[in-house]
Amino acid sequence: FYQVSTLSPDHLDCLMPKTWLSGTGEATITGLLFGTITGITGILLVVLLLIMIIFSTEYARHHVYQYFWRTHHLYPVVLLLMVLHGTARLLQEPTFQYYLIGPAIIFTLDKMLSVSRNKREIPLLQANILPSEVTNLVFKRPLDFHYMAGQYVRIALVNSGTGRDEYHPFTLTSAPHEDYLSVHIRTCKGWTKVLRDLVMKNQKTPEKNPNLYVDGPFGEAHQDYSNYEVVILVGGGIGVTPFASILKDLIHKSTSLRSNLTKVRKVYFLWSTRSQKQFEWLNDIIEKCEKEDKLDILDTHIFITRFYEKSDLRTTMLYICERQFQRMSNRSLFTGLKAVTHFGRPNFDGIFEHIRLSHADVKKFGVFVCGPPAMSDSVQFACSKVTGKQIFVAYSESF
């Protein structure tokens, strides 16, 4: 606007022959900003986009999610203003609408499909309050609902006071061969706390639990695990949820009658958690997988990080007791599982190097990580460090 406002009327007539400025006096910044469609729509666009950016911050999403949700539904207004922005033809004929048509058609079709799924109510069969502020929902699986292990759905509660249109994504912890759907939800603030309070309130009268609106399933990179012979699953905290479904699916397919359904022949499951209480809800799933794992394809390691360094005497004693008990009973002293329990953070460099040497005939390993950004970065760095003739391909999802 500054450059345009400093040009002479003759230059403006040459540059913008089809605008209202032709034949008028010298243009000003004020006139261009508040006297043209381009200026007014530009100001409105800047304001709207700033609002959307502010409510996109991590703090806003965690504390005032409903405002993040509502402000991002202003996108039709933004698109309309962008179409109007060029109608004054200050520099050229408007072209934005031509670029918008194709994506708008695809988006509309996807929205119509999504709306048709959103209207379908699904009964909530069971709601459980689990340790470490985790809520487990088990709901009916529609006959036409097909999904792959590791996929997620968007969930809203019916007539619960949380908002009809407030959908939240959660990874399915049920496996495709099971006749129900389930999710495990960590309680934070806002919607998840309302959900937990509602479930606790209706514990004695579970029939009062609301039905669900379910949209999905939606995919992500975790579905590629079936493309590798050796798979490494790395979860941090509640980031283990997609791997609960994958583990059950892999063990199910690897049974003697279904071994031809997957090329995976070894799975390393590494879970880093702050304390043993945080994985109590997953004990049953891991224990079931261990019992059904007839081909011994699953190798599970749990890392409890809320301990002192290994050089500390207390941690050393715990480590000795755990290893001795594991050798004697083939079970972990802390979890009761066959899974090996470690104290401290995982050394991904050393772990990946050991796996690489144990499978010298494997050319490519699939590494799937879901956890905090720092963990994802550590896994990515370790993959790049050990990659040579044998390649470690990392797929990461951070939260």
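Begin by selecting helices α13 and α14, which are oblique to each other (angles under 35 degrees count as roughly parallel, over 145 as roughly antiparallel, 65 to 115 as roughly perpendicular and the rest as oblique). The model on screen is predicted, so local features are described only at pLDDT of at least 70 and side-chain atom pairs only at pLDDT 80 or more, whereas totals for chains, interfaces and linings use all residues. Residues are numbered from 1 along each chain as its sequence is written, and side-chain values use heavy atoms, with hydrogens and water left out.

**First stop: α13 and α14**

Select residues 348–358 for α13 and residues 373–386 for α14; the two pack at an angle of about 45°, with their axes 9 Å apart. Axes here are lines fitted to C-alpha atoms, for helices over the stretch in contact, and angles run from 0 to 180 degrees between N-to-C directions. Helices (H or I, at least four residues) and strands (E, at least two) are DSSP runs, numbered from the N terminus. The crossing of α13 and α14 is right-handed; a crossing has this hand if the near helix is turned clockwise from the far one by less than a right angle, and is left-handed if anticlockwise.

Now display the side chains between these helices. From α13, F348, D349, F352, E353 and R356 meet M375, S378, V379, F381, A382, C383, K385 and V386 of α14 (contact means heavy atoms within 4.5 Å). The residues of this contact comprise eight nonpolar, one polar and four charged. In this classification Ala, Val, Leu, Ile, Met, Phe, Trp, Tyr, Cys and Pro are nonpolar, Asp, Glu, Lys and Arg are charged, and the others, Gly among them, are polar.

Keep F348 and F352 selected and add F365 and F392: ring pairs link these four into a cluster. Rings of Phe, Tyr and Trp (its six-membered ring) pair if their centres lie within 6.5 Å; planes under 30 degrees apart count as stacked, over 60 as edge-to-face and the rest as tilted.

**Second stop: α4 and α7**

Select residues 37–54, which form α4, together with α7; their axes come within 9 Å and cross at roughly 155°. At that angle α4 and α7 are roughly antiparallel to each other, and their crossing is left-handed. The α4 side of the contact consists of I37, T38, T41, G42, L44, L45, L48, L49 and M52, and the α7 side of V77, V78, L81, M82, L84 and H85. By class, this contact has eleven nonpolar, four polar and no charged residues.

**Third stop: aromatic pairs**

How many aromatic pairs does a search of the whole structure find? The search finds eleven. Select Y75 and F107, which form an edge-to-face pair at 5.5 Å centre to centre, with 80° between the planes. Y75 lies in α7 (residues 75–85) and F107 in α8 (residues 96–118), so the pair ties together parts that are 32 residues apart in sequence. Y75 is partly exposed at 28% relative accessible area, and F107 is also partly exposed, at 40%. Buried means under 20% relative accessible area, exposed over 50%, and partly exposed in between (1.4 Å probe, protein chains only).

Move next to F243 and F269, another edge-to-face pair, at 6.4 Å centre to centre and 70° between the planes. This pair links distant parts of the chain, since F243 belongs to helix α10 (residues 241–253) and F269 to strand β9 (residues 266–273), 26 residues apart. Are F243 and F269 buried or exposed? Both are buried.

**Fourth stop: three single residues**

Select V231 in strand β8 (residues 230–236). V231 is buried, with a relative accessible area of 0%. Leaving aside residues up to four places away in sequence, V231 touches Y225, V264, K266, V267, Y268, G366 and F368. K364 is 133 residues from V231 in sequence, yet their C-alpha atoms are 9.5 Å apart.

Select H168 in strand β5 (residues 168–171); at 8% relative accessibility, H168 is buried. With the same sequence neighbours left out, H168 touches Y65, V153, R154, I155 and W191.

Then select P123, in the loop between β1 (121–122) and β2 (124–130). P123 is partly exposed at 34% relative accessibility. Not counting residues up to four places away, P123 touches F139, K140 and N211. The C-alpha atoms of P123 and F139 are 5.9 Å apart, across 16 residues of chain.

**Last view: the whole protein**

Restore the full model, which has 14 helices and 13 strands. Buried residues make up 44% of its 399 residues. Among contacts between residues at least 6 apart in sequence, 70% join residues at least 24 apart.
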